[in-house]
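Subject: Structure handover

Hello,

Below is the structure for your files. My notes on it follow.

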Amino acid sequence: MKTGLKIAIGADHAGFDYKQAILGMFNDIEFKDFGTDSADSADYPDFAHAVASAVEGGGFDFGILLCGSANGVAMTANKHQNIRAAICWKEEVAIPARTHNDANVLCIPARHVTIDEAKAIIERFLSEEFEGGRHARRVGKIGC
């Protein structure tokens, strides 16, 4: 896994505990926490927009978003023109998200993976490189 990365991270109430655990798992990554700050009910778009804007603005290498299914945060983040948010529920899904789709925001379904699986997904996502080539042509067609 690459070191020295700057990661924007956010979660709603369903992903709060995982977010807190992730913040303590990676000593060689600089995280900025965009909330939520408790397990109390919270609206996922608030955190997804904040993380997506931070990544889109260029101040962060990647974003990580967590919610129950990851669908809500992925839908929200993907409203941003230069964001490619991918829902990954296992390592094998994270590989093409990075290598083929050049995903820059990882969305993890906290209610459907263990914390150990989430850690492995993050490690894999942050280890892969975009392959370019024919994939670059396709990625170039994503934006509207």
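Which residues are buried in helix α4 (residues 91-99)? They are Val93, Ala94, Ala97, Arg98 and Thr99. Here buried means under 20% relative accessible area, exposed means over 50%, and partly exposed is in between, with a 1.4 Å probe and protein chains only. Helices (H or I, at least four residues) and strands (E, at least two) are DSSP runs, numbered from the N terminus.

Before the rest, the conventions. This is a predicted model, in which local features need pLDDT of at least 70 and side-chain atom pairs count only at pLDDT 80 or more, while totals for chains, interfaces and linings use all residues. Residues are numbered from 1 along each chain as its sequence is written, and side-chain values use heavy atoms, with hydrogens and water left out.

Helix α4 and Arg98

The buried residues of α4 pack against two strands, β3 (62-67) and β4 (85-87), and against two helices, α5 (115-127) and α6 (134-139). Arg98 belongs to this helix and has a relative accessible area of 5%, so it counts as buried. Leaving out residues up to four places away in sequence, Arg98 touches Lys2, Phe62, Ala103, Phe125, Glu128, Glu129 and Phe130; a contact means heavy atoms within 4.5 Å.

Overall fold

The protein has six helices and five strands. Read from the N terminus, the order of elements is β-α-β-α-β-α-β-α-β-α-α. The C-alpha trace spans about 45 × 30 × 25 Å along its principal axes. The radius of gyration is 14 Å, which agrees with the value near 15 Å for a compact globule of 144 residues. That radius is taken over C-alpha atoms, and the globule rule is 2.2 Å times the number of residues to the power 0.38.

Of the 144 residues, 48% are buried. Among contacts with a separation of 6 or more, 68% are between residues 24 or more positions apart. The accessible surface comes to about 7000 Å², and carbon and sulfur atoms account for 46% of that; areas come from the Shrake-Rupley method with a 1.4 Å probe, and for residues only the protein chains shown count as cover.

On charge, there are 15 positive and 20 negative side chains, and the centres of the two sets are 10 Å apart. Lys and Arg count as positive and Asp and Glu as negative, with His and the chain ends not counted. Each charge is placed at NZ of Lys, CZ of Arg, CG of Asp or CD of Glu.

Cysteines

How many disulfides does the structure hold? It holds zero, where a disulfide is a pair of cysteine sulfur atoms within 2.5 Å. For Cys107, the closest cysteine sulfur is that of Cys67, and at 7.6 Å it is too far for a bond. Cys144 is in no disulfide either, since the nearest cysteine sulfur, in Cys107, is 18 Å away. Cys107 is buried at a relative accessible area of 0%, whereas Cys144 is exposed at 94%.

Backbone points to check

Most residues other than glycine have a negative phi, and most peptide bonds are trans. The following depart from that pattern.

- The peptide bond from Gly35 to Thr36 is cis, with omega near 0°. Thr36 is in the loop between β2 (29-33) and α2 (44-56).
- Ala70, not a glycine, has a positive phi of about 75°. It is in the loop between β3 and α3 (71-77) and is buried, with a relative accessible area of 0%.
- Asp102 also has a positive phi, near 50°. It lies in the loop between α4 and β5 (105-109), and its relative accessible area of 19% makes it buried.

Two further alanines

Ala74 is in helix α3 and is buried at 6% relative accessibility. Beyond its neighbours up to four places away in sequence, Ala74 touches Ala85, Ile87 and Cys107. Its C-alpha atom is 9.7 Å from that of Ala52, 22 residues apart along the chain.

Ala42 is in the loop between β2 and α2 and is buried, with a relative accessible area of 15%. With neighbours within four places in sequence left aside, Ala42 is in contact with Asp12, His13, Thr36 and Phe47; Thr36 is the residue that follows the cis peptide bond. The C-alpha atoms of Ala42 and Ile7, 35 residues apart along the chain, are separated by 21 Å.

Regards
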